[in-house]
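Here is a short report on ligand surroundings and cysteines. The structure comes first, then the notes.

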Amino acid sequence: MTNAALASQPAPSVKPSLRPVLTWNVDTVLALYDLPFADLLFRAQQTLRAHFDPTAIQRSTLLSIKTGNCSEDCGYCSQSKRYQTGLEIQSLLSTEQVLAAAQAAKDQGAGRFCMGAAWRGPREKDLPAVVAMVQEVKALGLETCVTLGILKDGQAEQLKAAGLDYYNHNLDTAPEFYGDVVTTHTYQDRLDTLKKVRTAGLKVCSGGIVGMGETRRHRASLIAKLANLDPPPESVPINNLVPIPGTPLASSEAVDIFEFARTIAAARITMPRSYVRLSAGREQMNEAEQTLCFLAGANSIFYGDHLLTTSNPQRERDNALFTNLGLHGV
Ligand code: SAM
Ligand code: DTB
Ligand code: SF4
């Protein structure tokens, strides 16, 4: 599609049911990236405003429930046992420890609590403990999310029965670049897990990482892949690589903030009803850079001082930024 054709697409005032159904492909997403920056942000804002209160930012708090010693070789990750990252390994936390962290997250205003485990995927014997965590966190009145890796048949159903709302499983990058970053599992493995999650009736959280040495075309390809999931993920985390010393991607060149914001805008426009989360890497951005991402259509963040193994902006800093921008957390 040409830029002119893109620009002449129906305005969001057209009723959703009357809008033409678009199947995105790499070239149509690339055409978004190629728009003049202000045109791209304008379209992203139109899309956001057609579907969301633009002043409301969804907040999820993360907790690593099992840290490090992971069998996989994801080139960006501090938790792979193949890389010397100096990470302190932590076996599965107790339900009480998780519950205390969830209660604190709720008291501090988070709406969703996301529990992450450094597993290729959970073993059958791991699941009952996670099921108990989900049940108890849910009983606090929080939305629940877990990210446990590749699922086997039946596991998504067990999590759904426990009261799980979301399963996070990122496609992370373009299918054609994935093998440059991870060799111990495949893109198809990840797509298969997303299918299982959907079939079990869970909501999907899936996004990716920018800044792993991929090209713009790869970024567009990731966005097209996410947007063409049927239905698209309800939640789309866009992570900016946090370079971890000791990993193969430790010295990846940072992507400039405008390219990162273009990726957020492309996610917003292609997945109009999804929450697009400005995710890892926010600590490395100043207030103006984060604001650019909100203007590009991000309407969700990780809230709390820690991600999984790296740090996130202090809550007070986020609260001050929200006040300054007239945003409110939900
Ligand atoms: N082991 C599970 C898996 O791989 O799906 C769940 C945990 S894994 C740490 C969750 C996600 O965190 C990854 O898919 C990746 O998108 C993100 N992530 C991990 N390390 C990162 C880093 N250094 N910078 C940015 N994002 C990162
Ligand atoms: C996601 O897309 N980002 C979060 C969450 N889903 C699990 C994880 C970010 C991890 C950043 C690096 C770390 O703290 O280890
Ligand atoms: Fe393991 Fe997940 Fe890290 Fe890959 S991203 S090494 S699967 S924890």
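## Ligand 1

By class, nine nonpolar, seven polar and two charged residues form the shell around ligand 1 in this predicted model. The shell counts 18 residues, of which Y76, N170, D172, R190 and V242 come nearest. Ligand 1 sits in the largest cavity.

Several polar atoms of the protein face the ligand. A side-chain N or O atom of N170 is 2.8 Å from an oxygen atom of ligand 1. For R190, a polar side-chain atom lies 2.8 Å from an oxygen atom of ligand 1. A117 uses its backbone: an N or O atom there lies 3.3 Å from a nitrogen atom of ligand 1. Taken alone, ligand 1 exposes 560 Å², and the protein buries 89% of that.

## Ligand 2

Ligand 2 has 13 residues around it. N170, N239, L308, T309 and T310 come nearest. N170 is also listed among the nearest residues to ligand 1. By class, the shell of ligand 2 divides into six nonpolar, seven polar and no charged residues. The space taken by ligand 2 is the largest cavity.

Oxygen atoms of ligand 2 pair with both side chains and backbone. An N or O atom in the side chain of T309 is 2.5 Å from an oxygen atom of ligand 2. For the side chain of N239, the distance from an N or O atom to an oxygen atom of ligand 2 is 2.8 Å. A polar backbone atom of L308 is 3.0 Å from an oxygen atom of the ligand. On its own, ligand 2 has 400 Å² of accessible area, and the protein covers 87% of it.

## Ligand 3

C70, E72, C74, Y76, C77, S80, A118 and W119 are the residues around ligand 3. Six of them are nonpolar, one is polar and one is charged. Y76 is also one of the nearest residues to ligand 1. The space taken by ligand 3 is the largest cavity.

## Cysteines

How many disulfides are there? The count comes to zero. A disulfide needs two cysteine sulfur atoms within 2.5 Å. The sulfur of C205 has its closest cysteine sulfur in C145, 5.2 Å away, so that pair is too far apart for a bond.

Exposure is given for two cysteines. C205 is buried, with a relative accessible area of 2%. C77, one of the residues around ligand 3, is partly exposed, with a relative accessible area of 21%.

Terms used. Residues are numbered from 1 along each chain as its sequence is written. Chains are lettered from A and ligands numbered from 1 in the order in which they are written. This is a predicted model: local features need pLDDT of at least 70, side-chain atom pairs count only at pLDDT 80 or more; totals for chains, interfaces and linings use all residues. Side-chain values use heavy atoms; hydrogens and water are left out. Buried means under 20% relative accessible area, exposed over 50%, partly exposed in between (1.4 Å probe, protein chains only). A residue is near a molecule or strand if one of its heavy atoms lies within 4 Å of it. On a 1 Å grid over the protein atoms alone, a cavity is a set of points where a 1.4 Å probe fits but cannot get out, and a pocket is an open set with protein on both sides within 12 Å along at least five of seven lines; lining residues have an atom within 4 Å of a point. A molecule sits in a cavity or pocket if more than half of its atoms lie within 2 Å of its grid points. Ala, Val, Leu, Ile, Met, Phe, Trp, Tyr, Cys and Pro count as nonpolar, Asp, Glu, Lys and Arg as charged, and the others, Gly among them, as polar. A polar contact is a pair of N or O atoms within 3.5 Å; within protein, one must be able to donate a hydrogen and the other to accept it, and residues adjacent in sequence count only if both atoms are side-chain atoms. Accessible areas come from the Shrake-Rupley method with a 1.4 Å probe; for residues, only the protein chains shown count as cover.
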